Amino acid sequence: MNLALQNKRRVGWILLAIAIRVYPIQIVSYNTENLFDYTHDTLKNDTDYTVDGSRHWSYTRYKRKVDQVARVVCNIGGWDTPAIVGLCEIENERCLRDLRYVLYQYHYESIHYESEDERGIDVAVLYDPKQVTPIRHGTLKVDLGTDKTRDILRVEWQIQSGQMTSDTLYMYICHLPSMRGGAAASEWKRRCAKDILQHDIDSLLNRDVHSLIVVMGDMNTSPKNDLRGMTNRMCDYHGEPEGTHWYEGRWDCLDQFYVSPGLDRMAQTFIYSEEWLMTENKDGEQVPRRTFHGWHYDAQGYSDHLPIVMQIP
């Protein structure tokens, strides 16, 4: 075989390898800290985030907030766009539409359902249709009696990844009830939500013990291994910073990933904490650069939470 033909074949194999390369799947969970539009919805308690409200929210501030959230999403991915971005504290479809517009070059699509949350903040998901395809989706209602809270978003994905044992990924995006009124006094609300989650997870694992399942979002409590059949990847997290949320002088990892055994053996997890997401507080500590510090608006702020990232090879 002559050298020219050998080189031609070598180039052909290289191009084929590039064409069939399987990229890691990146999954992001991010609490955006009150991504409200600037108009009042008469069905929601959103008046703080209106032009005449206590936060003096405006078109300019709203658009700046959308741009900041978009910057976080596109920088996490680097050259490879995150396949799935679970979002907490999104007011409505308009916020998602404007976020997708800023991220237009990534061709994201979104899934969102309006919940009965009194403030109108929901969970939602952005996804890259080149990497994942939603098979079906819906919500799990969290019934707290007279208290109204966010639904749990449930999505089944078809995914493409070389080391996955199944092409279906079951995902739950959560923003569990807050610790308002005290952690102990409000724990029953989060336990109620997790009982609803557990029932659905059990049905999947009883049908197929190898089901690939991710529970993610703001759990509003420290990491615990309290879902049967699942591992909380943030329980044994060792890294800098020590958590995703800074409150009253300490870190806590409120944002978490739970995974089923099939994912636990292959997934890598980390907290995304680039320098530009942080600011120095009065005590000299580096903390998340949030949109509001008390009542002071910071146009360069992002959120009071840091994103967490899971990478599946």
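Colleague: Which strands and which helix do the buried residues of H3 pack against?
Modeller: This is a predicted model. In it, the strand partners of the buried H3 residues are S1 (25–35), S2 (84–90), S3 (109–112) and S4 (122–127). The helix they pack against is H2 (59–77).

Colleague: Which residues of H3 are buried?
Modeller: An α-helix has 3.6 residues a turn, so residues three or four places apart point the same way. H3 spans residues 93–102, and its buried residues are Cys95, Leu96, Asp98 and Leu99. They lie on the same side of H3, because the arc they cover around the axis is only 165°.

Colleague: In what order do the six strands of the open sheet run?
Modeller: The pairing in this sheet is mixed. S3 and S13 (268–271) are the edge strands, each pairing on one side only. The order is S3-S4-S2-S1-S18-S13.

Colleague: What is the bridge partner of threonine 269 in S18?
Modeller: S13 and S18 (residues 308–312) are paired in the antiparallel sense, with four bridges. Within S18, threonine 269 is bridged to methionine 310.

Colleague: What angle does the direction of H3 make with that of S3?
Modeller: H2 packs on the sheet, touching S1, S2 and S18. H3 packs on the sheet as well, where it touches S1, S2, S3 and S4. The direction of H3 makes with that of S3 an angle of about 165°.

Colleague: Where does the largest share of the largest nonpolar core come from?
Modeller: This core has 67 residues, and those with the most contacts inside it are Ile27, Ile84, Trp157 and Leu169. Its largest share is seven residues, and they come from H2.

Notes:
Residues are numbered from 1 along each chain as its sequence is written. This is a predicted model: local features need pLDDT of at least 70, side-chain atom pairs count only at pLDDT 80 or more; totals for chains, interfaces and linings use all residues. Side-chain values use heavy atoms; hydrogens and water are left out. Buried means under 20% relative accessible area, exposed over 50%, partly exposed in between (1.4 Å probe, protein chains only). Helices (H or I, at least four residues) and strands (E, at least two) are DSSP runs, numbered from the N terminus. The arc is that of the directions from the helix axis to the C-beta atoms. Contact means heavy atoms within 4.5 Å. A nonpolar core is a set of buried Ala, Val, Leu, Ile, Met, Phe, Trp, Tyr and Cys residues joined through side-chain atoms within 4.5 Å. Two strands pair if DSSP finds at least two bridges between them. Axes are lines fitted to C-alpha atoms, for helices over the stretch in contact, and angles run from 0 to 180 degrees between N-to-C directions.
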